[in-house]
Amino acid sequence: MLTDYYYVHGFNSGNKSASFDKLKPHFPEIRCLSYESHERFEVILDHLLSQVHVDADNDICFIGTSLGGFFAAQLARHIISHAVMFNPVIYPQISLEKFIGKNENFSTGKTYELTREAVESYENFEDPRSGILSRTIFLGLHDSLLDYKEAENYWEGQAAIYHVEEEHQIKDFTPYVNLIKNNIETVQELINDGYIHTFKNRDVLGH
């Protein structure tokens, strides 16, 4: 069965995301799901869902970084599918509070206002954790923007969690491509090469 890959960018980004550009050589057919960072949670989620084409003959895998990781999990909850998250935001209503006010999208260069109302709308998000859905999470040990332990504690027992020698932004996705494609046998190779520091596994859907 073929897999349709979708990338969800992070906060203050867009379809010209650097991470999306890094993923494209490995997933030529991957599509970027874009959204406006100033919108309310439910508006963003509905907009992202409207961009997904569900083919009954194909699997779907959502790949997301930072706030995109949060939304990848939300999308996978609505469209029963796999989600891969790199340094995902766990509680946007807390993480985004410091951005309330004027911002500039570093992908488009546009300025906009993030309101407190938009940030507080994330308080209504539904728990995306499920014991029957496949989740893979990469947590950078040198992430200076998010505390990787928060994501680890939140997702423990519900995902395959990899501690990796990365900062918040992933420099190169190449070492993780086979894992994204669900080839679990590459774990030991990555540990040996120093990319993965520790690994927490779970026994669901091949993980």
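Two cavities of 30 Å³ or more are counted in this predicted model. The largest holds about 50 Å³ of space, and the second largest has a volume of about 40 Å³. Helix α6 (residues 148-155) gives the largest share of the lining of the largest cavity, and α6 is also among the elements that give two or more residues to the lining of the second largest cavity. The points below take the cavities in turn, then α6, then S66.

**The largest cavity**

- The lining consists of N87, P88, V89, I90, L139, D143, L146, D147, Y148, E150 and A151.
- Three of these residues come from helix α6, which is the largest share.
- Sorted by class, the lining of the largest cavity has seven nonpolar residues, one polar residue and three charged residues.

**The second largest cavity**

- G69, F70, A73, M85, P88, V89, I90, F125, P128, Y154 and W155 form the lining of the second largest cavity.
- Two or more of these residues are given by each of α3 and α6.
- The largest share, three residues, comes from α3.
- By class, the lining of the second largest cavity has ten nonpolar residues, one polar residue and no charged residue.

**Helix α6**

- The buried residues of α6 include A151, E152, Y154 and W155.
- Seen down the helix axis, the buried residues of α6 fall within an arc of 165 degrees, so they line one face of the helix.
- Among these buried residues, A151 is in the lining of the largest cavity, while Y154 and W155 are in the lining of the second largest cavity.
- At the start of α6, a side-chain oxygen of D147 comes to within 3.0 Å of the backbone nitrogen of K149.
- D147 is also one of the residues that line the largest cavity.
- Just after α6, G157 has a positive phi of about 85 degrees.

**Residue S66**

- S66 sits in the loop between β3 (59-65) and α3 (67-78).
- Is S66 buried or exposed? S66 counts as buried because its relative accessible area is 16%, and the cut-off for buried is under 20%.
- The side chain of S66 makes a polar contact with the side chain of H168, at 3.0 Å.
- Leaving aside residues up to four places away in sequence, S66 touches F86, N87, P88, V89, L146 and H168.
- Of the residues that S66 touches, N87, P88, V89 and L146 also appear in the lining of the largest cavity.
- P88 and V89, which S66 touches, are in the lining of the second largest cavity as well.

How values were computed
Residues are numbered from 1 along each chain as its sequence is written. This is a predicted model: local features need pLDDT of at least 70, side-chain atom pairs count only at pLDDT 80 or more; totals for chains, interfaces and linings use all residues. Side-chain values use heavy atoms; hydrogens and water are left out. Helices (H or I, at least four residues) and strands (E, at least two) are DSSP runs, numbered from the N terminus. Buried means under 20% relative accessible area, exposed over 50%, partly exposed in between (1.4 Å probe, protein chains only). A polar contact is a pair of N or O atoms within 3.5 Å; within protein, one must be able to donate a hydrogen and the other to accept it, and residues adjacent in sequence count only if both atoms are side-chain atoms. Contact means heavy atoms within 4.5 Å. On a 1 Å grid over the protein atoms alone, a cavity is a set of points where a 1.4 Å probe fits but cannot get out, and a pocket is an open set with protein on both sides within 12 Å along at least five of seven lines; lining residues have an atom within 4 Å of a point. Grid points are joined across faces, edges and corners, and a volume is the space filled by probe spheres set on the points. Ala, Val, Leu, Ile, Met, Phe, Trp, Tyr, Cys and Pro count as nonpolar, Asp, Glu, Lys and Arg as charged, and the others, Gly among them, as polar. The arc is that of the directions from the helix axis to the C-beta atoms.
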